Amino acid sequence: MMLAAGMSALVFASACKPGKVSQTTDTDAAQKVYVAPGEHDELYMFASGGFSGQVAAYGIPSGRLLKVIPVFSQNPENGWGYSEDTKPMLNTSHGFVPWDDAHHTELSKTNGEDDGRWLFINGHNTPRIARIDLSTFKTVEIIELPNVGGNHASPFCTENTEYVVGNTRFSVPYDGKGDVPIETYKENFKGAVSFVKVDKDNGRMNLAFQLLVPGFNYDLAHAGKGPSHDWIFFTTYNTEQAHTLLEVNASQKDKDFIMAVNWKKAEELIAAGKGKKQPADYVHNVWDEKTHKGVSTPKNEVITLDVTEHPEIVYYMPCPKSPHGVDINPSGEFIVASGKLAAVIPVFSFQKMQDAIKNKQFEGTIGGNLNVLKYDAILAGEVQKPGLGPLHTEFDDKGFAYTTMFVSSEVVKWKVDTREIIDRIPVYYSPGHLTVPGGDSKKPYGKYVIALNKITKDRYLPTGPELTQSAQLIDISGNKMKLLLDFPTIGEPHYAQTIPAEKIVKNQKRFYKIEENNHPFATKSEKDARVVRTGNRVDVYMTAIRSHLAPDNIEGIKVGDEVYFHVTNLEQDWDVPHGFAIKGANNAELLIMPGETTTLKWVADRPGMFPFYCTDFCSALHQEMSGYLRVSPKNSTTALKYSIGNSPITH
Ligand code: RUQ
Ligand code: CUA
């Protein structure tokens with residue numbers, strides 16, 4: 001019955017679209033979000049694009065979109081996933097996968113604080129974790145995760161980014177064991193928690209080990225900090241272990257669990273050789289900033305540890321009902337779970353949880369021998385009547401928590417110590433995640449909360465059957481929350497993290513040093529520009545500098561030739577990319593950063609004259625930055641020839 005009520009409330013929220021709702025906006029809201037021309041925003045917000053597979057960077061408080069960073073997607077704007085150099089970044093054990101469902105952005109942390117070095121994001125559908133370098137705003141690494149179906153509880157990092165962690169949303173039989181009847185779910189389907197080690201100097205990721213865990217749906221995660229440093233917490237749902245009509249069958253029980261994992265102990269067990277090597281196919285793609293190329297390396301083994309053999313590293317904390325988000329407050333003492341079908345927000349005490357483990361206050365077991373802690377023994381208190389459909393919580397610098405209510409469309413402010421509700425504000429509509437700057441860290445910056453709304457209905461000009469999704473900026477500097485601004489977002493922002501701009505700005509890379517360019521086809525000076533034929537492969541070593549491409553006349557290309565344009569941007573100055581495009585190119589253009597070399601493959605498909613040109617308006621003579629390539633029939637005797645100006649290029 002409880003279930004039916006919860007379900008219909010969820011359905012109601014998205015089916016019934018109310019008209020204009022009266023609202024209060026702060027009277028000087030415009031001033032608070034106005035960033036005068038030439039001025040910079042105070043914060044960056046990095047939001048996932050959901051099914052766009054991308055990340056978008058916005059300035060806050062203005063809400064201005066600064067950049068879209070392709071991650072698991074191809075992007076014609078800069079050739080990501082189209083150029084020969086970037087294609088390996090989208091390689092997987094399933095081949096080239098140029099799309100994913102990217103949910104959770106996670107800033108790297110040092111001592112529990114956002115350090116502005118890297119941004120991690122999950123690929124949910126074809127399980128992967130990506131790392132973006134925030135000095136270049138570029139995806140520099142993607143690692144695939146084996147044994148996982150739906151990498152949703154991911155990527156969350158431990159207090160010093162020792163690991164980024166991911167867990168499976170859809171439990172599955174482990175790789176290679178999947179050809180079994182679906183109705184054998186209970187015996188054959190399992191979860192796997194991936195611990196990806198992050199090198200503290202260069203960020204390099206490495207799948208260190210996987211914990212094999214019971215076959216539930218693992219939804220979200222957050223690592224502890226301070227006293228809870230050694231632990232990471234995952235929400236579960238479908239602990240009923242249903243495999244069909246989950247909408248009903250996965251909501252039978254009054255309580256699901258938070259799975260608490262002592263990752264420090266797990267790490268020790270692995271170091272002591274307790275793990276088992278298992279065959280597993282996955283790939284690891286790394287961008288090399290010196291060669292300006294991605295390299296994809298297949299892997300075939302993972303170290304696993306079955307937690308049922310080491311029950312001291314995993315405890316289950318009962319939690320009402322189908323919890324979604326799990327969030328740890330800045331001090332690391334309180335663990336907040338948001339049961340999307342629950343009427344309260346339970347707040348657990350880490351200290352009480354440790355005591356309960358010591359005093360063996362258990363109320364059952366899972367998987368034979370994993371202990372379930374007693375709810376009452378570990379609870380600090382409940383936030384009563386918070387609203388409908390609590391999903392996610394973030395924290396400010398003053399001891400308050402902010403929770404989104406998906407069904408009742410509001411953000412609720414409550415006091416962490418006392419669980420008392422302080423304020424609530426409607427948002428339009430159905431918020432999923434929210435972000436407070438530094439809001440999942442040890443030292444929140446506070447000042448704003450940004451609600452990420454799933455449904456906007458009447459808030460914006462219509463755009464066909466699909467309306468934009470949006471963010472709402474709310475001032476939390478006072479006692480009462482005040483709505484300041486609506487701004488549309490790209491794709492579906494699931495999670496976003498927000499960080500003071502100064503932490504990012506100081507690390508910005510302005511250009512790549514040409515003398516450090518180790519691209520195998522780099523051309524470091526115009527006099528080295530050339531065209532080399534090897535059978536039907538033609539390599540064009542081309543340079544770009546304001547305002548010409550060299551060579552700019554090429555003849556002797558024949559139908560069927562595979563032509564590789566390796567374009568080196570010789571500029572050594574900030575913000576002077578050049579572009580490259582040629583007629584009939586069936587991938588994309590290139591956008592080449594200063595000092596970088598990038599390769600475009602193009603096949604000559606017919607005789608004729610093919611103009612090529614720079615696609616980025618780089619100078620007053622940008623329109624002059626162009627050339628011609630002549631294609632002759634396959635059997636023609638046209639000699640290979642290339643030049644710029646009146647004389648051929650000589651070496
Ligand atoms: S999840 S709200 Cu990945 Cu909460 Cu989207
Ligand atoms: Cu180079 Cu336009």
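In this predicted model, a cluster of aromatic residues makes a good starting point: Phe565, Phe580, Trp602, Phe610 and Phe612 are linked by ring pairs. Two members of the cluster, Trp602 and Phe610, can be looked at in detail. Both Trp602 and Phe610 are buried. Across the structure, aromatic pairs number 25. In the pair formed by Trp602 and Phe610, the ring centres lie 5.1 Å apart and the planes meet at 70 degrees, so the arrangement is edge-to-face, the term used for planes over 60 degrees apart.

Stepping back to the whole protein chain, the secondary structure consists of 8 helices and 46 strands. The C-alpha trace extends over about 85 × 60 × 45 Å along its principal axes. The radius of gyration of the protein chain is 27 Å, which agrees with the value near 26 Å for a compact globule because the chain has 651 residues. Contacts across the sequence add to this picture. Among contacts in the protein chain with a separation of 6 or more, 63% are between residues 24 or more positions apart.

The surface and the charges come next. Of the 651 residues of the protein chain, 60% count as buried. The accessible surface of the chain amounts to about 25,600 Å², and carbon and sulfur atoms contribute 53% of that area. As for charge, the protein chain carries 67 positive and 77 negative side chains. The centre of the positive set and the centre of the negative set are 1 Å apart.

Terms used:
Residues are numbered from 1 along each chain as its sequence is written. Chains are lettered from A and ligands numbered from 1 in the order in which they are written. This is a predicted model: local features need pLDDT of at least 70, side-chain atom pairs count only at pLDDT 80 or more; totals for chains, interfaces and linings use all residues. Side-chain values use heavy atoms; hydrogens and water are left out. Helices (H or I, at least four residues) and strands (E, at least two) are DSSP runs, numbered from the N terminus. The radius of gyration is taken over C-alpha atoms; the globule rule is 2.2 Å times the number of residues to the power 0.38. Buried means under 20% relative accessible area, exposed over 50%, partly exposed in between (1.4 Å probe, protein chains only). Contact means heavy atoms within 4.5 Å. Accessible areas come from the Shrake-Rupley method with a 1.4 Å probe; for residues, only the protein chains shown count as cover. Lys and Arg count as positive and Asp and Glu as negative; His and the chain ends are not counted. The place of a charge is taken as NZ of Lys, CZ of Arg, CG of Asp or CD of Glu. Rings of Phe, Tyr and Trp (its six-membered ring) pair if their centres lie within 6.5 Å; planes under 30 degrees apart count as stacked, over 60 as edge-to-face and the rest as tilted.
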